Structure formats: structure tokens, C-alpha cells
Amino acid sequence: QVQLVESGGGLVQAGGSLRLSCAASGSIASTNVMGWYRQAPGKQRELVATITSGGITNIADSVKGRCTISRDNAKTTVYLDLISLKPEDTAVYYCNQVNSWGYSRQNYWGQGTQVTVFS
């Protein structure tokens, strides 16, 4: 089992920035992908950004140029830095981890953290 604990959400003025953190604990595979997804009211959950255990990143077009995803050296904490925030960035942000154990994968989600951007 893996536990994901998110922090860093809140109210932010448009044009501002924030950092979200997600700390993972438990049985973490050496090969894994950690990332962030978000879900706005009435919309489907969508990818924001992911980073592999090897450091390869994937960032959604909607936040490209405004988003940086990174991991700490222990690779158990993932950070999402967003700048130039827009009201449309308002959503619940979920941390995700996918562990790869040979041919099997385990998928975990955090509880979510609310980000509200006001103009």
C-alpha cells in the first residue's frame, strides 16, 4: 500500500503562483510515475503533469509554460509549481502514483487539495 499526502492548495489571486507537494510513503516501487491531475466542477479529471522515477516529465498543454513538476532526491515527494495562475486553473488537484512491479501496476490517488484562483 502507498499513502499520498498532498499539501499547498488554497486561495490564490489570478497571476499568482503556488506550489503543491505530495509525499508518498509505503511500498514504493523503484519504477514509478508520480503526477498531478485536476478536476474542475462539472468536468472530468484531467492530467496536469507527471514525472517518472527517471525524471522524464509530461506536462499538459493547458499549463505548458506555466508549470514545473519535480521530485526530491529520495523520489518520494513530488512538487507542482504553477505560475501565472488563471481562474480556469481552479480545481481539486489530485496526486497520483503508479508503481510498476514487473508486469503489474498499482495505481494510487491522494485525497485531493482545492485550488481556487480568483480575479
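The following exercises, each with a worked solution, concern the disulfide, one sheet and a single residue of the structure above.

The model is a predicted one, in which local features need pLDDT of at least 70 and side-chain atom pairs count only at pLDDT 80 or more, while totals for chains, interfaces and linings use all residues. Residues are numbered from 1 along each chain as its sequence is written, and side-chain values use heavy atoms, with hydrogens and water left out.

**Exercise 1. Describe the disulfide and its surroundings.**

Step 1. Taking a disulfide as a pair of cysteine sulfur atoms within 2.5 Å, one finds that the structure holds one, and that it joins Cys22 to Cys95 with an S to S distance of 2.0 Å.

Step 2. The torsion about the S-S bond of Cys22 and Cys95 is about -85°, and the disulfide is therefore left-handed.

Step 3. Strands are DSSP runs of E of at least two residues, numbered from the N terminus. Because Cys22 belongs to strand 3 (residues 18–26) and Cys95 to strand 9 (residues 91–101), the pair ties together parts that are 73 residues apart in sequence.

Step 4. Both Cys22 and Cys95 are buried, where buried means under 20% relative accessible area, exposed over 50%, and partly exposed in between, with a 1.4 Å probe and protein chains only.

Step 5. Cys67 is in no disulfide, the nearest cysteine sulfur being that of Cys95, 13 Å away; with 8% relative accessibility, Cys67 also counts as buried.

**Exercise 2. Work out the layout of the sheet that contains strand 1.**

Step 1. The strands of this open sheet, four in number, follow the order 1-3-8-7 with antiparallel pairing, two strands being paired if DSSP finds at least two bridges between them.

Step 2. Strand 1 (2–7) and strand 7 (67–71) stand at the edges with a single partner strand each, so one side of each is left without a neighbour in the sheet.

Step 3. For the pairing of strand 1 with strand 3, six bridges join the two, which run antiparallel, and Val5 stands opposite Ala23 in strand 3.

**Exercise 3. Place Thr31 in the structure.**

Step 1. Thr31 is found in strand 4 (residues 31–39), and since its relative accessibility is 44%, Thr31 counts as partly exposed.

Step 2. With contact defined as heavy atoms within 4.5 Å, and leaving aside neighbours within four places in sequence, Thr31 is in contact with Ser53, Val98, Asn99 and Ser100.

Step 3. Between Thr31 and Gln111, which are 80 residues apart in sequence, the distance from C-alpha to C-alpha is 23 Å.
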